[in-house]
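User: I would like a close look at a single part of this protein. Please take one helix, go through it piece by piece, and then set it in the rest of the chain.

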Amino acid sequence: MKKVLAINSGSSSFKYKLFSFPNEKVLASGIADRVGKENAVFKIKLSSGQEYIKNMPIHNQEEAVKLLIEYLKKFHVVDDLREISGVGHRVVNGGEIFKNSVHVKEKELEEIFNLGELAPLHNISEAKGIKAFMNIIPNVPQVAVFDTSYHQTLDKVHYLYSIPYEYYEDYGIRKYGAHGISVSYVVLRAAKMIKKNPNLVNFIICHLGSGASVTAIKHGKSFDTSMGLSPLTGVTMGTRSGDIDPAVLQYLMHKTGMNIDKVIEVLNYKSGLLGISGISSDMRDLIESKDKRAKLARKIFINRVVQYVGAYVAELNGVDAIIFTGGVGEHDFGIRAGIMSSLKYLGLYPDFKANQTDREKFISKPSSKVKALIVPTNEELMIAREVVRVLQ
């Protein structure tokens, strides 16, 4: 029996799941949160249901990795590190270098760091996470699994920008997409739910969270997607602006004296739901607020998702299902209801009673021509499967 560790690193955290293969059972899962702070938290949950939470300073990723290994051994989930066949890491952007998942050595790690300019909120922290594991458990293979790999099936009509072609040839400026690991899981699961061959389905996947994207699936493959060169563009997000007229950047620079880096920082960290509401980037806070701008932020979010769904329905020339996943997509029934209410023209008839849930479920009426589903994502399982595939 193989044991595979799946890691999803952020700038100050990493989520993890340890799987056994081939039965894909979760042996342990948890998170190291607020890494770099004195009030950090380490959590581990065992397959028995037993859970352990420790509050303590965790100064960097390496300390977090040491803690994870320590507790896997302490609870006898792993008695010998040789039991771990590999560690898989989510990496947001592989650029044009990495078309598929890859066994990471020093050369690959350096390239992932260098791709940080395409996904500044993600790639650097993910590369640091890989480096920490390479340092702490050097004899265990590390595998990078890229969100962008899933979108390699986009054609030039969909991934090229209407700028001088040599910018693509010389600098690789194009749409890369994101959330590919999540979407790949959701497509397989949703196809099973509607009892259709996953290679024949046409879906629109709404991965809605603090980062949000909409992806058109044609015949089971990524056909078009809302995120672009970076995860900044597309629909409105928690702190990211989504689509914006590029002239706004120049205008802001002239009016405020900010340089381009500062303006991009504003679009990444101070815009989206946070920028509109002035209250929070978290949908849960906006639901509870009676403030007009909080309500406006939710309406704008719904509107931008509906715009992309409508465009993709036209491109696909018909769709089997609209699928909701991600933190907001899975848990915010108000957002789902708002989006579905705008799609009745497709023959999607919302079941608002069924929609009052956060579990895997059909949330459209049986008479609907186009189905609506909630499919909780499982990125860690897809990462672990890729580790097994790559190392074989």
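Analyst: Take helix H1, residues 61-74. Its 14 residues, at 1.5 Å a residue, should span 20 Å, and the end C-alpha atoms are 20 Å apart, so the two values agree. Keep in mind that this is a predicted model.

Start at the N-terminal end. Asn-60 caps H1 there. A side-chain oxygen of Asn-60 lies 3.2 Å from the backbone nitrogen of Glu-62.

Now the buried face. The buried residues of H1 are Gln-61, Ala-64, Val-65, Leu-67, Leu-68, Ile-69, Tyr-71 and Leu-72. An α-helix has 3.6 residues a turn, so residues three or four places apart point the same way. Read the buried list with that spacing in mind: Ala-64, Leu-68 and Leu-72 are among the buried residues.

What do the buried residues of H1 pack against? Five strands appear in the list by name: S1 (2-9), S2 (14-21), S3 (25-33), S4 (37-46) and S5 (51-58). Helix H3 is also a partner. H3 covers residues 123-136.

Then the far end. Just after H1 comes His-76, with a positive phi of about 60°.

One partner residue deserves its own look. Tyr-52 sits in strand S5. Tyr-52 counts as partly exposed because its relative accessibility is 26%, which falls between the 20% and 50% cut-offs. Outside its neighbours within four places in sequence, Tyr-52 contacts Phe-42, Lys-43, Ile-44, Tyr-71 and Phe-75. Tyr-71 is one of the buried residues of H1. The side chains of Tyr-52 and Tyr-71 are also joined by a polar contact of 3.4 Å. Phe-42 is 10 residues from Tyr-52 along the chain, and their C-alpha atoms are separated by 8.2 Å.

Two more strands from the packing list, S2 and S3, are linked by a loop with unusual backbone to check. Pro-22 is in that loop. The peptide bond between Phe-21 and Pro-22 is cis, with omega about 15°. Glu-24 belongs to the loop between S2 and S3 as well. Glu-24 is not a glycine, yet its phi is positive, about 55°. Its relative accessible area is 28%, so Glu-24 is partly exposed.

Follow H3 onward and you reach Pro-138, in the loop between H3 and strand S8 (142-146). Pro-138 has a relative accessible area of 58% and is therefore exposed. Its C-alpha atom is 21 Å from that of Gly-10, 128 residues away along the chain. Beyond S8, in the loop that runs to helix H4 (156-159), lies His-151. Here the relative accessible area is 0%, so His-151 is buried. Its contacts, not counting residues up to four places away in sequence, include Arg-174, Tyr-176, Ser-222 and Thr-225.

Now compare a second helix, H13, residues 333-341. Its buried residues are Ile-335, Arg-336, Ala-337, Ile-339 and Met-340. Their cover includes strands S9 (203-208), S12 (321-325) and S14 (371-374). Helices H10 (283-288), H11 (292-316) and H12 (326-331) are also included. At the start of H13, a side-chain oxygen of Asp-332 comes within 3.1 Å of the backbone nitrogen of Gly-334.

H13 also leads to the largest nonpolar core, which has 41 residues. Ile-204, Leu-208 and Ile-322 have the most contacts inside this core. The elements that give two or more residues to it are S9, S10 (212-218), H10, H11, S12, H13 and S14. H11 gives the most, with 11 residues. In soluble globular proteins, nonpolar side chains tend to be buried together. Ile-204 touches Val-214, Val-309, Val-313 and Leu-316, among others, leaving out residues up to four places away in sequence.

Last, the whole chain. It comes to 14 helices and 14 strands. The radius of gyration is 21 Å, close to the 21 Å that the globule rule gives for 392 residues, so the chain is as compact as a globular protein of that length. Of the 392 residues, 52% count as buried. Among contacts between residues at least 6 apart in sequence, 59% join residues at least 24 apart. The C-alpha trace spans about 55 × 55 × 45 Å along its principal axes.

Notes:
Residues numbered from 1 in each chain as written. Predicted model: local features only at pLDDT ≥ 70, side-chain atom pairs only at ≥ 80, totals over all residues. Heavy atoms only, no water. Helix = DSSP H or I, 4+ residues; strand = E, 2+ residues; numbered from the N terminus. Buried < 20%, exposed > 50% of the residue type's maximum accessible area, 1.4 Å probe, protein only. Contact = heavy atoms within 4.5 Å. Polar contact = N/O pair within 3.5 Å; in protein donor to acceptor, adjacent residues only side chain to side chain. Expected span 1.5 Å × (residues − 1). Core = buried A, V, L, I, M, F, W, Y, C linked by side-chain atoms within 4.5 Å. Rg over C-alpha atoms; globule rule 2.2 N^0.38 Å.
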